[in-house]
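Trainee: I've got a new model on my screen and I'm keen to learn how to read it. Can we go through it together, one question at a time?

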Amino acid sequence: MSTSFVHILAPPLQADVLDKLKEMICEHKQKLIQAFEQADSGGASGAVAEAVWARVLRSVISPSMPWENYIADLATTGADGSVLYRTF
């Protein structure tokens, strides 16, 4: 498991950043699920590669956010390293 980018921030700032990102994800959850399912052949596996997860978040929420840096804090990953998008 990789170390999260947010862990280099001061603890109060870490919580603020993660709370804002979670809020953004919740606000766009339906669009995100649709985009993940499309990337996952109609939702067949419920998982996508980390790069796909980040690309979907960029396309739906924020193109400039380095989403890969937050995987450890925002997503559940499978044994193969894929992101289980239905658990988010």
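Trainee: Where is S62 in the chain?

Mentor: Keep in mind that we're looking at a predicted model. To place S62, check the helices on either side of it: α3 and α4. S62 belongs to neither helix, but to the loop between α3 and α4.

Trainee: Is S62 buried or exposed?

Mentor: Look at its relative accessibility, which is 11%. The cut-off for buried is under 20%. That makes S62 buried.

Trainee: Which residues does S62 touch, if we skip the ones within four places in sequence?

Mentor: Helix α1 is a good place to start, since M24 sits there and M24 is in contact with S62. Two other residues join M24 on the list. The full set for S62 is M24, L57 and W67.

Trainee: Let's stay with M24. Is M24 buried or exposed?

Mentor: M24 has I61, S62 and W67 in contact with it, leaving aside its neighbours within four places in sequence. Its relative accessible area is 15%, and the buried class covers anything under 20%. So M24 is buried.

Trainee: How far apart in space are M24 and L57, C-alpha to C-alpha?

Mentor: Along the sequence, M24 and L57 are 33 residues apart. S62 touches both M24 and L57. Going from C-alpha to C-alpha, the distance between M24 and L57 is 9.8 Å.

Trainee: W67 keeps coming up. Which residues does W67 touch, not counting those up to four places away?

Mentor: We've already met a few of them: M24, L57 and S62 are on the list. Another one is W53, and W53 and W67 have the most contacts inside the largest nonpolar core. The whole list for W67 is L21, M24, I25, W53, A54, L57, R58, I61, S62 and L74.

Trainee: How many residues does that largest nonpolar core have?

Mentor: Here's a handy general idea: in soluble globular proteins, nonpolar side chains tend to be buried together. In this model, W53 and W67 lead the largest core in contacts made inside it. Its residue count is 22.

Trainee: Which helix gives the most to this core?

Mentor: There are several suppliers to look through: α1 (11-27), α2 (29-39), α3 (50-60) and α4 (71-74) each bring at least two residues. The top contribution is five residues. It comes from α3.

Trainee: V52 is in α3 too, right? How far is its C-alpha from the one of V83?

Mentor: Yes, V52 is found in helix α3, and at 18% relative accessibility it counts as buried. V52 and V83 are 31 residues apart along the chain. Their C-alpha atoms are separated by 8.9 Å.

Trainee: What pattern do the helices and strands follow along the sequence?

Mentor: Start with the parts: the protein chain has four helices and two strands. Now read them in order along the sequence. You get α-α-β-α-α-β.

Trainee: Are the rings of F36 and Y85 stacked or edge-to-face?

Mentor: The description of an aromatic pair uses the distance of the centres and the angle of the planes. For F36 and Y85, the centres are 5.2 Å apart and the planes are at 20°. Planes under 30 degrees apart fall in the stacked class, so this pair is stacked.

Trainee: How many residues apart are F36 and Y85?

Mentor: Both F36 and Y85 are buried, and they link distant parts of the chain. F36 is in helix α2, while Y85 is in the segment after β2 (83-84). Their separation is 49 residues.

Trainee: What about S82: which side chain does its side chain make a polar contact with?

Mentor: S82 is in the loop between α4 and β2, and it is buried, with a relative accessible area of 13%. It also touches A47, V48, T76 and T77, not counting residues up to four places away in sequence. The polar contact is 2.6 Å, and the partner is D80.

Trainee: Last one: is S41 buried or exposed?

Mentor: S41 sits in the loop between α2 and β1 (47-48). It has a positive phi of about 50° although it is not a glycine. Its relative accessible area is 67%, and the cut-off here is over 50%, so S41 is exposed.

Key. Residues are numbered from 1 along each chain as its sequence is written. This is a predicted model: local features need pLDDT of at least 70, side-chain atom pairs count only at pLDDT 80 or more; totals for chains, interfaces and linings use all residues. Side-chain values use heavy atoms; hydrogens and water are left out. A nonpolar core is a set of buried Ala, Val, Leu, Ile, Met, Phe, Trp, Tyr and Cys residues joined through side-chain atoms within 4.5 Å. Buried means under 20% relative accessible area, exposed over 50%, partly exposed in between (1.4 Å probe, protein chains only). Contact means heavy atoms within 4.5 Å. Rings of Phe, Tyr and Trp (its six-membered ring) pair if their centres lie within 6.5 Å; planes under 30 degrees apart count as stacked, over 60 as edge-to-face and the rest as tilted. A polar contact is a pair of N or O atoms within 3.5 Å; within protein, one must be able to donate a hydrogen and the other to accept it, and residues adjacent in sequence count only if both atoms are side-chain atoms.
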